[in-house]
Amino acid sequence: MDTRWEKILEEIAKQIPPKYFTNFIQPLKFQRFENNQLFLAAPSQGIKKHIETKYISFIEDATYQIEGDRYQVFIATESELSSQILKETIQSKFDHSDSELNLEFSLDNFIVSDSNRIAYTAAKSVTEQPGKFNPLYLFGPVGVGKTHLLHAIGNEIIKKDPWKTVRYVNSTSFLNEFIFTVRQNNRDSLEAFKIRYQSYNVLLFDDIQFLNGGAEKTQEEFFALFNFLYERKRQIVIASDRPSYELPLHERLKSRFVHGLQADIQSHDLNLRMGLLKNNLSEYNIPVSDSLLQWLAERLEGDSRALIGIVNDLVLYKKAYQFILLAEDKIKEIAEARLVTNKKRIGYNPDMLIDLVCERSGVARKDLLGKSRKTDFILPRHLCMLLLHEGLHLPKTQIGRIFSANHSTVIHGIEKCKERLAQDSQWEDLYRTLKHQISFQ
């Protein structure tokens with residue numbers, strides 16, 4: 001091994017957690033330096049893509065520290081460097097660049113407690129016998145580990161059987177991809193879209209609650225895809241923020257979800273919060289006593305993102321002042337500052353709310369604020385009026401100025417929206433979701 005590369009590795013090891021260095025940087029093989037370019041080989045396409053996405057800047061910065069010049073880093077898989085056609089053909093079967101999996105999520109680093117034990121056990125069962133428990137439906141509030149489990153399932157299945165094709169996708173990406181395909185107005189493009197999704201051995205579908213009534217054709221496409229994969233015993237895993245019976249989807253689709261396993265992931269209990277904190281703090285070499293760990297966990301009653309936020313604050317402070325250790329009083333002070341920040345309300349203004357309603361209802365801003373009496377525009381318009389009044393607490397006269405309407409028109413719109421919400425569960429669900437989002441903390 002080139003001694004310069006050894007020094008670069010030592011520099012990188014100072015910048016990222018040990019487990020990520022071991023899993024993603026150490027497996028790289030040095031090839032050569034050439035014309036201010038550094039060539040490396042990765043053992044797989046998955047590791048190559050992950051490094052290019054997350055760690056390429058660390059390699060470039062470390063190379064600059066050692067060499068004193070900026071080097072452009074190029075990474076190829078070992079198969080790409082081989083001239084043997086057979087080896088390249090075999091490697092192509094193992095190409096999981098389309099999977100969209102985050103390699104950092106695994107079942108091994110998923111912290112288990114009573115609040116998520118059932119979901120973890122269900123996920124593990126799926127990896128041991130893909131297709132037997134089908135579909136697996138995971139549900140729970142934001143930030144409790146649903147997405148972690150989805151990626152972990154995919155990574156574990158590929159690890160055990162590299163020939164399997166796996167795809168992680170959330171409902172928004174699926175919806176956008178489908179709409180883009182339809183707008184091509186090309187039968188071949190639509191057929192290619194269907195064939196690609198039908199080819200997967202494992203489909204991991206996140207945030208299905210957003211595949212709502214405003215995406216009728218997309219629901220139909222997903223229904224057809226679900227049936228195709230299910231009938232062929234391909235594993236399907238779905239994640240949502242609510243039980244399947246509360247989804248704003250067609251009954252025929254919701255009924256499919258009850259055939260397999262359903263697992264509820266509850267909000268983090270104290271033991272899990274302590275475990276998450278301990279795990280994240282140890283990664284960045286920030287030792288804390290058990291009593292301080294419990295003090296932090298008792299105050300951080302939010303999801304895992306709030307916990308990670310605390311850790312990030314501590315890491316930043318430690319790095320900024322180049323401390324080896326942090327005093328307990330300073331850790332408490334930093335944590336208290338984060339808690340105050342978490343309690344502050346996200347400052348939605350009317351423009352942001354209008355854009356949000358347009359995005360979620362699929363209506364252009366000019367149509368939402370216009371005078372057209374089309375039903376497709378009236379319902380989102382009335383919903384926006386109601387959210388401006390009840391979510392942002394704007395007076396009806398101010399709402400009238402936004403929509404260039406008089407006071408009585410706004411009152412009428414709000415009342416009509418309330419009537420619709422009482423009759424239509426899908427619109428009521430959308431209203432509840434948006435109101436929660438704009439008034440979060």
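Here is a walk through a sheet, a buried arginine and some unpaired cysteines in this predicted model.

Let's start with the sheet. It is open and has five strands, paired in parallel and ordered S5-S6-S7-S4-S8. At the edges sit strand S5 (166–170) and strand S8 (261–264), each with a partner on one side only. Ignoring direction, neighbouring strands here are turned against each other by 15° on average. As a reminder, strands of a sheet pair through backbone hydrogen bonds, either parallel or antiparallel.

Zoom in on one pair: strand S6 (residues 202–206) and strand S7 (residues 235–240) run parallel and are joined by four bridges. Look for leucine 204, which stands opposite valine 237 in S7. Helix H9 (residues 171–183) packs on this sheet and touches both S5 and S6. The direction of H9 makes about 95° with that of S5.

Next, hop over to helix H13 (residues 270–283), where you'll find arginine 273. Is this arginine buried or exposed? Arginine 273 has 9% relative accessibility, so it counts as buried. Its side chain reaches the backbone oxygen of alanine 297 at 2.7 Å.

Now for the cysteines. How many disulfides does the structure hold? Zero. A disulfide is a covalent bond between the sulfur atoms of two cysteines. For cysteine 358, the closest cysteine sulfur belongs to cysteine 384 and is 7.0 Å away, so the two are too far apart for a bond. Cysteine 417 isn't in a disulfide either: the nearest cysteine sulfur, again that of cysteine 384, is 9.8 Å away. Cysteine 358 counts as buried at 8% relative accessibility, and cysteine 417 is buried too, with a relative accessible area of 6%.

Terms used. Residues numbered from 1 in each chain as written. Predicted model: local features only at pLDDT ≥ 70, side-chain atom pairs only at ≥ 80, totals over all residues. Heavy atoms only, no water. Helix = DSSP H or I, 4+ residues; strand = E, 2+ residues; numbered from the N terminus. Buried < 20%, exposed > 50% of the residue type's maximum accessible area, 1.4 Å probe, protein only. Polar contact = N/O pair within 3.5 Å; in protein donor to acceptor, adjacent residues only side chain to side chain. Disulfide = S-S within 2.5 Å. Pairing = 2+ DSSP bridges. Axes fitted to C-alpha atoms, helices over the stretch in contact; angles between N-to-C directions. Contact = heavy atoms within 4.5 Å.
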